[in-house]
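Biologist: I have a few questions about why things get the labels they do. Could you show me the structure and take me through the reasoning?

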Amino acid sequence: MKGEGEGKKKERFRYLDHMTDLIVEAYGNTLEEIFENSAIGLVNAMFEISKVDVTDSIKIIAEGYDFKSLLYDWIEKIILSIYIDRMIITKFDSLLFSKIYVATTNNNKETETITTEEKELIAKDLYFSDSKEYSSKDNAIYKLEGIGKGEIINLEKHEYKVEVKSITYHEMQIKRNQDGYYTTTFLVDL
């Protein structure tokens with residue numbers, strides 16, 4: 001069985017069968033890789049990414065109360081970059097995770113942002129259980145910032161495959177195996 005998992009590690013993403021929609025399953029060795037590969041898997045379902053040149057960039061910021069909601073917001077921001085900014089993102093630079101602590105004192109909100117390395121996040125915050133939902137107990141928001149690189153949509157050049165309406169939070173999963181390898185799965189509403 002170990003050889004089967006090793007084969008997946010070379011693969012960035014794949015598509016699983018679904019009757020009416022699309023399921024994206026992405027893989028990565030780090031949090032940065034899993035979020036990048038999840039986004040690229042979505043974009044590749046919509047466009048032929050081999051035809052996209054890296055000529056433009058856009059800043060993307062996502063937030064969530066846990067890593068599942070952070071992934072959901074991240075993928076939504078990728079969809080918005082396509083429909084609003086008209087940009088096909090095929091690469092990411094400078095992905096930075098942070099944790100924002102929100103404290104309320106005397107009806108005033110105070111925030112403190114701490115940039116957190118992956119090892120610290122895993123040790124303190126990462127909870128990928130199928131049987132329980134996790135929510136931050138310390139009143140924190142997780143944030144992911146990155147620079148998406150790609151090209152402005154040109155339908156004469158870029159092959160448009162399918163129209164994505166949204167992604168579905170229901171059945172979205174992030175898993176981390178004992179070797180520290182990540183897998184995400186999410187349903188795309190076509």
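Biologist: How much surface does the chain expose, and what share of it do carbon and sulfur atoms supply?

Modeller: Happy to help! Please keep in mind that this is a predicted model. The chain exposes about 10700 Å², and 47% of that is supplied by carbon and sulfur atoms. Buried residues account for 44% of the 190 residues.

Biologist: What does the secondary structure of the chain come to?

Modeller: There are four helices and eight strands. Read from the N terminus, the order is α-β-β-α-β-α-β-β-α-β-β-β.

Biologist: How many aromatic pairs does the structure hold, and why is the one formed by Phe13 and Tyr15 called tilted?

Modeller: The structure holds eight aromatic pairs. For Phe13 and Tyr15, the centres are 5.6 Å apart and the planes make 55°. Centres within 6.5 Å count as a pair, and planes under 30 degrees would be stacked while those over 60 would be edge-to-face. An angle of 55° falls in neither class, so the pair is tilted.

Biologist: How do you know whether Phe13 and Tyr15 are buried, exposed or partly exposed?

Modeller: Phe13 has a relative accessible area of 17%; buried means under 20%, so Phe13 is buried. Tyr15 has 32%, which lies between the 20% and 50% cut-offs, so Tyr15 is partly exposed.

Biologist: Why is the pair of Phe67 and Tyr142 tilted?

Modeller: Their ring centres are 5.0 Å apart and their planes are at 35°. That angle is not under 30 degrees and not over 60, so this pair is tilted.

Biologist: What makes the pair of Phe67 and Tyr142 a tie between parts of the chain?

Modeller: Phe67 belongs to helix H3 (residues 67-83) and Tyr142 to strand S6 (residues 140-152), so the pair ties together parts that are 75 residues apart in sequence. Both Phe67 and Tyr142 are buried. Ring pairs also link Phe35, Phe67, Phe97 and Tyr142 into a cluster.

Biologist: How do you know that Leu155 is exposed, and where is Leu155 found?

Modeller: Its relative accessible area is 57%, and exposed means over 50%, so the label fits Leu155. Leu155 is found in the loop between S6 and strand S7 (166-176).

Biologist: Which residues make the nonpolar surface patch?

Modeller: Leu155 is one of them, together with Leu80, Tyr83, Ile84 and Tyr160, and the patch is about 500 Å².

Methods
Residues numbered from 1 in each chain as written. Predicted model: local features only at pLDDT ≥ 70, side-chain atom pairs only at ≥ 80, totals over all residues. Heavy atoms only, no water. Phe/Tyr/Trp six-rings, centres within 6.5 Å; stacked < 30°, edge-to-face > 60°. Buried < 20%, exposed > 50% of the residue type's maximum accessible area, 1.4 Å probe, protein only. Helix = DSSP H or I, 4+ residues; strand = E, 2+ residues; numbered from the N terminus. Areas by Shrake-Rupley, 256 points an atom, 1.4 Å probe, with all protein chains shown as cover. Patch = residues over 30% accessible without salt bridge, like charges linked within 9 Å, V, L, I, M, F, W, Y side chains within 5 Å. Salt bridge = Lys/Arg side-chain N within 4 Å of Asp/Glu carboxyl O.
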